[in-house]
Amino acid sequence: MPKPATDPLPDNQFKLEPALEKRTRRTFSAEYKLRIVQEANACQHGELGSLLRREKLYHNQIQQWRREFDQGGTASLSKTAPGPKPQLTSEQSQIAALEKKIQRLEHQLQLKDDCLALQKKP
């Protein structure tokens, strides 16, 4: 006798929404950053926390944006790439990788030549 059909998800389990499955890093425009920095500067004592909660930001983000604005104005606020800047350009890193590959292949060639030299000796 076959088993009765059951619901694939019981009532006590939740269903995942596809929009929430992959979260991405938020990006902020320069205009948004400038507006938030200006609002933060205008805040009185104790009002900054409510601004941060309303915008779902952290205090260190505001500090970073203030530093960027002080160093280079609105042009520096449009920085998009997170993390440190790469030390080498893409061409330089490609050259370094190719040089490393050449060294590895030369080492393998030397080992093979040594093995052949050992086989040839009587």
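What does the chain average in pLDDT, and what share of the residues score at least 70? I looked this up before anything else and found an average of 84, with 83% of the residues at 70 or above, where pLDDT is the predictor's confidence in each residue, from 0 to 100.

I noted that this is a predicted model, in which local features need pLDDT of at least 70 and side-chain atom pairs count only at pLDDT 80 or more, while totals for chains, interfaces and linings use all residues. Residues are numbered from 1 along each chain as its sequence is written, and side-chain values use heavy atoms, with hydrogens and water left out.

Next I looked up the secondary structure, and I found six helices and zero strands, helices being DSSP runs of H or I with at least four residues and strands runs of E with at least two, numbered from the N terminus. Helix H1 (residues 18-21) has the lowest mean pLDDT among the elements, 68, and helix H6 (residues 90-120) the highest, 93. I kept in mind that where pLDDT is low, the predicted coordinates should not be read in detail.

Then I turned to helix H3 (residues 48-55), whose buried residues are Leu48, Leu51, Leu52 and Glu55. They lie on the same side of H3, because they cover an arc of only 95 degrees around the axis, taken from the directions from the helix axis to the C-beta atoms. The face turned away from that buried side carries the exposed residues Arg53 and Arg54; buried means under 20% relative accessible area and exposed over 50%, with partly exposed in between (1.4 Å probe, protein chains only).
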